[in-house]
Amino acid sequence: MNSDNYKTEIHNMIENGKDPKDMVIQMCRPQCKWYDDKYDRCVKAFLSLKNADPEKNCMYPYRDLVTCVEACVQPKIQHALRGNEHGSIFA
């Protein structure tokens, strides 16, 4: 999806009262492949151990993945909000 299409799609979803976040997450996730791979490696390593809980032990790689995805998602949604046509809501 090119940049004009996703901007239009996000704007349309917001205008129709739908949350575009899931769609934008799917679009942004490939940009965070390094963090995704790092988290997957951590989970696989802990699953190979007996009695290991990967959700607790892989907290930092997961946090890095979520931070990366959110850094991509937030501005895309923010820029589609009404009142932000000129680049800043506060301008």
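1. Helices come first. The chain in this predicted model has five helices and zero strands. Reading along the sequence gives the pattern α-α-α-α-α. Among these helices are α1, spanning residues 3-15, α2, spanning 21-28, α3, spanning residues 33-47, and α5, spanning 59-78.

2. Next, the chain as a whole. It has 91 residues, and 25% of them count as buried. Its accessible surface is about 6,800 Å², with 52% of that belonging to carbon and sulfur atoms. Among the contacts with a separation of 6 or more, 56% are between residues 24 or more positions apart. Points 3 to 5 give some examples of residues that are distant in sequence.

3. Which residues make up the largest nonpolar core? There are 12 in all: Y6, I10, V24, C28, C32, L65, C68, V69, C72, V73, I77 and A80. Helices α1, α2 and α5 each supply at least two residues of this core. The largest share, six residues, comes from α5. If you are finding your way around the model, these core residues are a handy place to begin.

4. Now follow A80, one of the core residues, back towards the start of the chain. Leaving aside neighbours within four places in sequence, A80 is in contact with I10, H11 and I14. I10 is also on the list of core residues. A80 can be compared with N12 as well: the two are 68 residues apart in sequence, yet their C-alpha atoms are 9.1 Å apart in space. N12 is found in helix α1 and, at 36% relative accessibility, counts as partly exposed.

5. I25 gives a second view of residues far apart in sequence. This residue is found in helix α2. Not counting residues up to four places away in sequence, I25 touches V69 and V73, and both of those partners belong to the largest nonpolar core. I25 and Q74 are 49 residues apart along the chain, with 9.6 Å separating their C-alpha atoms.

6. Helix α3 deserves a paragraph of its own. It has 15 residues and reaches 21 Å from its first C-alpha to its last, close to the 21 Å expected at 1.5 Å a residue. Where do the buried residues of α3 lie around the axis? The buried ones are D36, Y39, C42 and V43. They cover an arc of only 125 degrees, which means that they are on the same side of α3. On the other side of the helix, K33, W34 and K44 are exposed. As background, an α-helix has 3.6 residues a turn, so residues three or four places apart point the same way.

7. On to the charged side chains. Side chains of opposite charge can pair when their charged atoms come close. How many salt bridges are there? The count comes to five. One of them joins K33 and D37, at 3.1 Å from N to O. These two residues are four apart in helix α3, so about one helical turn separates them. K33 is exposed, while D37 is partly exposed, with a relative accessible area of 28%.

8. D36 is worth a closer look. Its place is in helix α3, and it forms a salt bridge with R29, the closest N and O atoms being 2.9 Å apart. Is D36 buried or exposed? At 16% relative accessibility, it counts as buried, because the cut-off for buried is under 20%. Its partner R29 is partly exposed, with a relative accessible area of 34%. Not counting residues up to four places away in sequence, D36 touches R29 and L65. L65 is one of the residues of the largest nonpolar core, so D36 has a charged partner in R29 and a core residue among its contacts.

9. Last, a linked group. K38, R63 and D64 are joined in a network of salt bridges. Within this network, the side chains of D64 and R63 meet at 3.3 Å, N to O. R63 counts as partly exposed, at 45% relative accessibility.

How values were computed: Residues numbered from 1 in each chain as written. Predicted model: local features only at pLDDT ≥ 70, side-chain atom pairs only at ≥ 80, totals over all residues. Heavy atoms only, no water. Salt bridge = Lys/Arg side-chain N within 4 Å of Asp/Glu carboxyl O. Buried < 20%, exposed > 50% of the residue type's maximum accessible area, 1.4 Å probe, protein only. Expected span 1.5 Å × (residues − 1). Arc of directions from axis to C-beta. Core = buried A, V, L, I, M, F, W, Y, C linked by side-chain atoms within 4.5 Å. Contact = heavy atoms within 4.5 Å. Areas by Shrake-Rupley, 256 points an atom, 1.4 Å probe, with all protein chains shown as cover.
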